[in-house]
Amino acid sequence: MKSFNGKILFLDRSDINTDEIIPARYLTEITKEALKPYLLEDLEMTGFAPERDVAPSGAVITRANFGCGSSREHAPWALEVNDINIVIGESFARIFKQNMFNCGMMAVELSRDVLDDLMTRFAGKETELVTDLEAGVFHFTAAGEALEVPFEISDFDRALVEAGGWVGYADQHY
Amino acid sequence: MGKTIAEKIFASHLVDNPSGDIQVIRLDAVFCHEITTPVAITDLEARGMDRVFDPARIKAVIDHVTPAKDSKTAMQGKILREWALRHGIIDFFDIGDNGVCHALFPEKGFVRPGYTIIMGDSHTCTHGAFGAFAAGVGTTDLEVGMLKGVCAFHAPQTMKVSITGELAAGVYAKDVILAVIGKLGVNGATNRVIEFGGPVVDAMSMEARMTLCNMAIEAGGTSGICAPDMTTVTYLWPFIQDEFDSPEAALEAYGAFTADSDAVYAEEIVFHVGDLVPMATFGYKPDQVKPIAEMVGEKVDQVYIGSCTNGRIEDLRVAAEVLKGRHIHKGVRGVLSPATPAVYKAALKEGLIEIFMDAGFCVTNPTCGACLGMSNGVLAEGEVCASTTNRNFNGRMGKGGMVHLMSPASAAATALTGAITNSHIYTGGE
Ligand code: SF4
């Protein structure tokens with residue numbers, strides 16, 4: 001099973017599409033590792049610089065409809081090779097979410113109110129996430145701030161995460 | 001309660017229902033090409049799982065960029081080629097035998113009514129024309145398909161699109177599907193299988209049904225599907241004659257994959273085509289569609305005839321009829337890519353290639369090439385292409401280029417004048 005802990009990268013914008021996550025010009029790469037330097041290269045957002053902000057992260061917190069656009073699985077891979085195995089947001093494009101769990105990664109929905117609260121308290125601060133998958137609770141901590149937030153994922157998605165993705169799950173079951 | 005075609009196929013292939021409406025189904029075929037498969041191969045290798053579930057059920061082709069245009073595309077081909085060889089995948093099509101996957105595989109008889117098929121390619125829905133469930137998938141789904149021969153889907157929801165009326169002369173399956181997408185919108189069929197039926201579809205050839213199903217994904221559909229009938233059986237007969245005593249017997253067996261009269265649909269739409277005119281797209285989304293008549297005179301730089309949508313022999317015949325004895329406009333580049341070697345050979349035999357060449361077209365080998373802006377006719381920034389393909393996304397055929405999707409007849413007529421043109425001025429018709 002992958003790790004769902006680490007420093008949080010806040011992307012406070014809706015509709016971040018797969019071209020912004022990993023531009024089409026890198027689709028001729030044949031290894032996931034080769035995508036590493038290009039994650040979020042084309043994302044233009046005030047206060048965000050990919051070369052400065054991406055490297056030491058472990059999780060992304062964002063807004064609605066993350067991962068819209070093309071079906072490319074290069075989007076989760078580009079996150080994965082940068083050690084980002086979890087994206088938390090208000091909602092996700094269907095195929096992106098499926099691709100995340102297929103890779104043994106997580107795309108978890110939280111309500112807008114909770115996300116507002118998280119952004120207000122933690123954005124701009126060095127924030128750590130620790131995920132308790134069994135209990136279904138996220139632990140967020142930063143200097144002088146701590147918050148526990150419950151979350152839910154479907155049984156099948158949980159099974160995929162525990163198996164390390166659809167390849168591992170299918171290998172055990174079929 | 002009755003079942004739709006997709007529900008019947010799922011019921012007959014169900015392996016597991018791990019939870020909720022997730023259905024894991026057994027796959028009859030896994031199709032592979034050199035753009036999406038190499039990553040799946042290298043990942044399986046890294047996991048120490050370099051195996052395939054059944055080499056006879058895997059079909060592979062190098063079609064998107066062939067011959068290779070640079071070191072990266074050469075490497076993609078090499079990985080697929082070596083993998084096919086190492087696993088004894090006999091149905092592997094390389095340079096000389098290769099053609100656009102969704103045109104080549106049906107032609108080889110790899111698709112049957114009731115089949116379940118996946119491929120790492122969104123236009124896999126094309127194969128639904130044979131009464132199969134065929135869906136494009138991501139790389140992990142492809143990997144598991146190659147390894148285990150299964151795939152997980154949500155239980156299929158079906159949308160029925162009945163096409164009624166009679167097509168006017170000069171109006172083709174491409175015009176029908178463009179109009180349907182214009183009506184449904186690019187998300188109109190998301191998460192659904194589109195079951196195409198009605199008298200117009202019943203009267204269509206397999207080629208025309210493939211054109212229809214090919215673009216189901218452009219309305220968001222998981223797959224397109226047509227009920228198998230005598231047209232399907234006749235097309236498949238050379239491949240199934242050892243399995244059945246007669247075409248009638250085959251038809252009866254395939255009847256298992258037609259919808260029940262009391263099947264329950266998520267949505268039903270009747271689309272009347274009696275007054276349909278030739279259509280084309282005008283923007284960067286395939287649902288931005290209007291009659292060609294409203295676009296007449298818009299200049300184009302290139303005309304492309306080919307692809308899994310409209311690169312089959314019927315399409316070449318229609319275009320050649322418009323081009324015969326004429327020459328394309330001076331300012332236009334005409335590119336023809338017959339979709340498969342068999343299409344190319346038939347076109348040679350029928351004298352169509354000569355008509356295209358005399359008209360000033362460049363004829364390329366069978367490949368996807370320009371359709372996805374990879375080779376053999378990439379647009380320059382600011383250029384416009386009239387194309388028989390299926391996607392007009394921004395930059396699809398080259399960064400900064402504009403694509404107008406239309407039928408082969410309209411594309412040929414457009415090549416003759418150098419601006420968007422209704423083919424009826426050359427052929428009579430609407
Ligand atoms: S011809 Fe175009 S749409 Fe069809 S498979 Fe090739 S790239 Fe895809």
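Me: By class, what makes up the shell around the ligand?

Reply: The shell comprises 6 nonpolar, 5 polar and 2 charged residues. Here Ala, Val, Leu, Ile, Met, Phe, Trp, Tyr, Cys and Pro count as nonpolar, Asp, Glu, Lys and Arg as charged, and the others, Gly among them, as polar. This is a predicted model, in which local features need pLDDT of at least 70, side-chain atom pairs count only at pLDDT 80 or more, and totals for chains, interfaces and linings use all residues; side-chain values use heavy atoms, with hydrogens and water left out. Residues are numbered from 1 along each chain as its sequence is written, while chains are lettered from A and ligands numbered from 1 in the order in which they are written.

Me: Which residues that surround the ligand are the closest?

Reply: They are His123(B), Cys308(B), Cys368(B), Cys371(B) and Asn390(B), out of 13 that surround the ligand. A residue is admitted if one of its heavy atoms lies within 4 Å of the molecule. Among the contributors, α4 (101-107) and α11 (307-310) of chain B each supply at least two residues of the shell; helices (H or I, at least four residues) and strands (E, at least two) are DSSP runs, numbered from the N terminus.

Me: Why is the ligand said to lie between domain 1 (5-271) and domain 2 (284-427) of chain B?

Reply: Both domains give residues to the shell, so the ligand lies between them. The domain bounds come from an automatic or database domain assignment.

Me: What shows how domain 1 and domain 2 of chain B meet?

Reply: Their centres, taken over C-alpha atoms, are separated by 25 Å. The contact (heavy atoms within 4.5 Å) takes 38 residues from domain 1 of chain B and 34 residues from domain 2 of chain B. Together the two domains bury about 2800 Å², 61% of it on carbon and sulfur atoms. Buried area is the accessible area (1.4 Å probe) that two parts lose on being put together, summed over both. On the side of domain 1, His64(B), Val100(B) and Lys174(B) lose the most area, together 20% of what that side buries.

Me: Why are Arg391(B) and Glu218(B) called a salt bridge?

Reply: The term requires a side-chain nitrogen of Lys or Arg within 4 Å of a carboxyl oxygen of Asp or Glu. The side chains of Arg391(B) and Glu218(B) meet at 3.1 Å, N to O, so the pair satisfies the rule. Across the interface of the two domains of chain B the rule finds 1 salt bridge.

Me: What is found by the rule for salt bridges across the interface of chain B and chain A?

Reply: The rule finds 4 salt bridges there. Lys148(B) forms a salt bridge with Asp171(A), where the closest N and O atoms are 3.1 Å apart. In addition, 11 residue pairs, both at pLDDT 80 or more, are in polar contact between these chains. That term denotes a pair of N or O atoms within 3.5 Å; within protein, one must be able to donate a hydrogen and the other to accept it, and residues adjacent in sequence count only if both atoms are side-chain atoms.

Me: What gives the largest share of the side of chain B that touches chain A?

Reply: It is α5(B), with 7 residues. That side divides into 16 nonpolar, 7 polar and 8 charged residues. In total, 31 residues of chain B are in contact with 19 residues of chain A, and the two chains bury about 2300 Å² between them, 61% of it on carbon and sulfur atoms.
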